[in-house]
Amino acid sequence: MTSPRDSRPDAPPGSAAPSGLATERGNAAASTEVGAMFDQISGVYDPMNLVISAFQEPRWRKRAVTFAGLRPGGRAIDVASGTGKVAADLHRSAEPHGEVLGVDISPGMIGIARQRFVGRPGLTFVVGDAMALPAEDGRFDAATIAFGMRNLPDYTRGFAEMARVVRPGGKVVCLEIARPRSRLARIMRWWFDRIVPLIGKVAGQGGAYAYLVRSVQSYPAPERIAEVMREAGLLGIRWIGMSGGIVTIHVGTVPPREG
């Protein structure tokens, strides 16, 4: 388990971003390399998300939280939690007396989340690795990951870890940018592929946002992600596309424990 106080120095300004390429298992970069990049962009992450999503990100996020199905008093874990917005929405759904844990590899992102949501009992943020979540088996009613799965070095292990910490019958929800095929989506894809890196350069983070585009291009199709979720042991996999298919929400159910 990674301590909430654990930290590491930021990568030096101007250091190279990860390639954004993928192996057969997942992102080609190590988790620590990706975490260092997110430390660098933590200060511009939220406004950039709004701009590059054409201000659709809050709607996508809230839809994913709805699929988690939390009720008052429920418990959830948000993986690759970033600045904590999904975790905070989950916590709102679980009030009163709910518990939500946000986990992210980047101390910079977790620091922002802690400052933003200080004073909310039951909402906790820790630095931790999605490949080895800091929680016991079956602790939560749901697990979510929003725009983080394509950053993991092993997609199957990422989903398996989420399933491990969720009780039988609970939900695993993944919100991620997709490579859509519709005419509207092709326009949005052009915006994403060509304009997002330029916006990143203006924000002084050209390498990081070029990585973002490449990581989306390398991420598997929704049908393959559904297969990966099944390989991780999840059942009843379904998915929906939003905004012309530019993002996809996958949902799976944790099966009964053997024995």
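The exercises below, each with a worked solution, concern the predicted model shown above.

Residues are numbered from 1 along each chain as its sequence is written. Because the model is predicted, local features need pLDDT of at least 70, side-chain atom pairs count only at pLDDT 80 or more, and totals for chains, interfaces and linings use all residues, while side-chain values rest on heavy atoms, with hydrogens and water left out.

**Exercise 1. The whole chain**

Task: State how many helices and strands the chain has, and what percentage of its residues count as buried.

Solution: Begin with the secondary structure, in which helices (H or I, at least four residues) and strands (E, at least two) are DSSP runs, numbered from the N terminus. By that definition the chain has nine helices and seven strands. Next comes burial, where buried means under 20% relative accessible area, exposed over 50%, and partly exposed in between, with a 1.4 Å probe and protein chains only. Of the 259 residues of the chain, 52% count as buried. Finally, take contacts (heavy atoms within 4.5 Å): among those between residues at least 6 apart in sequence, 72% join residues at least 24 apart.

**Exercise 2. The nonpolar cores**

Task: Find which residues have the most contacts inside the largest nonpolar core, and look at what isoleucine 249 touches.

Solution: A nonpolar core is a set of buried Ala, Val, Leu, Ile, Met, Phe, Trp, Tyr and Cys residues joined through side-chain atoms within 4.5 Å. The largest has 44 residues, and Leu90, Leu175 and Ile249 are those with the most contacts inside it. A second, separate core has 31 residues, including Leu133, Ala135, Tyr155 and Ile237. Leaving aside residues up to four places away in sequence, isoleucine 249 touches, among others, Trp60, Phe67, Val173, Leu175 and Trp239.

**Exercise 3. An aromatic pair**

Task: Describe the geometry of the pair formed by tyrosine 155 and tyrosine 219, and say where each residue lies.

Solution: Rings of Phe, Tyr and Trp (its six-membered ring) pair if their centres lie within 6.5 Å, and planes under 30 degrees apart count as stacked, over 60 as edge-to-face and the rest as tilted. The count by this rule comes to four aromatic pairs. In one of them, tyrosine 155 and tyrosine 219 are 5.5 Å apart, centre to centre, with 80° between the planes, and the pair is edge-to-face. Tyrosine 155 lies in helix H6 and tyrosine 219 in the loop between helix H8 (206-218) and helix H9 (222-231), so that the pair links distant parts of the chain, 64 residues apart. Both tyrosine 155 and tyrosine 219 are buried.

**Exercise 4. Unusual backbone positions**

Task: Locate the cis peptide bond, then decide whether histidine 97 and phenylalanine 147 are buried or exposed.

Solution: The cis peptide bond joins glutamate 95 and proline 96, with omega at about 0°, and proline 96 is in the loop between helix H4 (85-94) and strand S2 (99-104). Histidine 97 lies in the loop between H4 and S2 and has a positive phi of about 70° although it is not a glycine. Because its relative accessibility is 73%, histidine 97 counts as exposed. Phenylalanine 147, also not a glycine, has a positive phi of about 60° and is placed in the loop between strand S4 (140-146) and helix H6 (155-164). With a relative accessible area of 12%, phenylalanine 147 is buried.
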